[in-house]
Amino acid sequence: MAEADEQTAAEQVAAEQIAEAMAAERESLTNECRADPARLARLLAPDFHEFGTSGGEFEYEGLAALVASWTDPAGEPIVVERHRGWLIADGVVMLKYTSAQHGRRSNRTSLWRRVAPGRWQIFYHQGTPTGSPRNGPA
């Protein structure tokens, strides 16, 4: 019984951390956050690195201001589908989802690190364009 209780407690911790990281990811995808460089920068780790859907690479320095310059706060929101997560280690969560905006779809993976209780920062992100609304073999 103690083993089952430990597993249940571990599953609860994992679920809580995944939920917190997902909330941070969802915030980072809102137009309001993306249009506010200071708000977005708080969610980016200083060692952040991204391989974007454009094929370009992005790092922390100047990224929040660049994203803000591309974002219309009243524009079309980013739609998130199939958002799911895994606890990789205590305080490290991997999230995967498909995003859609302006007729473009991308499969995305991000890694989030807890930096304080309830506070998460993204340190890695990759987006891969996809034309299909389905995931998996055709």
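Here are a few notes on some side chains in this predicted model.

1. Let's start with His49, which belongs to strand E1, a run covering residues 44-51. His49 has a relative accessibility of 17%, so it counts as buried, the cut-off being under 20%. Its side chain has a polar partner: the side chain of Glu57, at 2.9 Å.

2. What else does His49 touch, once neighbours within four places in sequence are left aside? The list is Glu57, Phe58, Glu59, Phe123, Tyr124 and His125. Several of these names come back below.

3. Now the aromatics. How many aromatic pairs does the structure hold? There are 2. One is Phe51 with Tyr124: the ring centres are 6.3 Å apart and the planes sit at 65°, so this pair is edge-to-face. It ties together distant parts of the chain, with Phe51 in strand E1 and Tyr124 in strand E6 (residues 119-130), 73 residues apart. Are these two rings buried or exposed, or something in between? Phe51 is partly exposed because its relative accessible area is 33%, and Tyr124 is also partly exposed, at 21% relative accessibility.

4. Phe58 and Trp70 make an aromatic pair too, again edge-to-face, with 6.2 Å from centre to centre and 85° between the planes. This one also links distant parts of the chain: Phe58 lies in strand E2 (residues 57-59) and Trp70 in helix H4, 12 residues apart. The two partners are worth checking for accessibility. Phe58 is buried, with 18% relative accessible area, whereas Trp70 is exposed, at 55%. Recall that Phe58 is also among the residues in contact with His49.

5. Have a look at Phe123 as well, another contact of His49. The charged end of Arg113 sits over the Phe123 ring, 4.1 Å from the ring centre.

6. Last stop, helix H4, which spans residues 63-70 and includes Ala64. Ala64 is buried because its relative accessible area is just 8%, and buried means under 20%. Which residues does Ala64 touch, not counting those up to four places away in sequence? They are Pro37, Leu40, Ala41 and Leu44. For a sense of the spacing, take Ala64 and Cys33: they are 31 residues apart in sequence, and their C-alpha atoms are 9.6 Å apart in space. Helix H4 therefore holds both the buried Ala64 and the exposed Trp70.

Notes:
Residues are numbered from 1 along each chain as its sequence is written. This is a predicted model: local features need pLDDT of at least 70, side-chain atom pairs count only at pLDDT 80 or more; totals for chains, interfaces and linings use all residues. Side-chain values use heavy atoms; hydrogens and water are left out. Helices (H or I, at least four residues) and strands (E, at least two) are DSSP runs, numbered from the N terminus. Buried means under 20% relative accessible area, exposed over 50%, partly exposed in between (1.4 Å probe, protein chains only). A polar contact is a pair of N or O atoms within 3.5 Å; within protein, one must be able to donate a hydrogen and the other to accept it, and residues adjacent in sequence count only if both atoms are side-chain atoms. Contact means heavy atoms within 4.5 Å. Rings of Phe, Tyr and Trp (its six-membered ring) pair if their centres lie within 6.5 Å; planes under 30 degrees apart count as stacked, over 60 as edge-to-face and the rest as tilted. A charge sits over a ring if NZ of Lys or CZ of Arg is within 6 Å of the ring centre and within 35 degrees of the ring normal.
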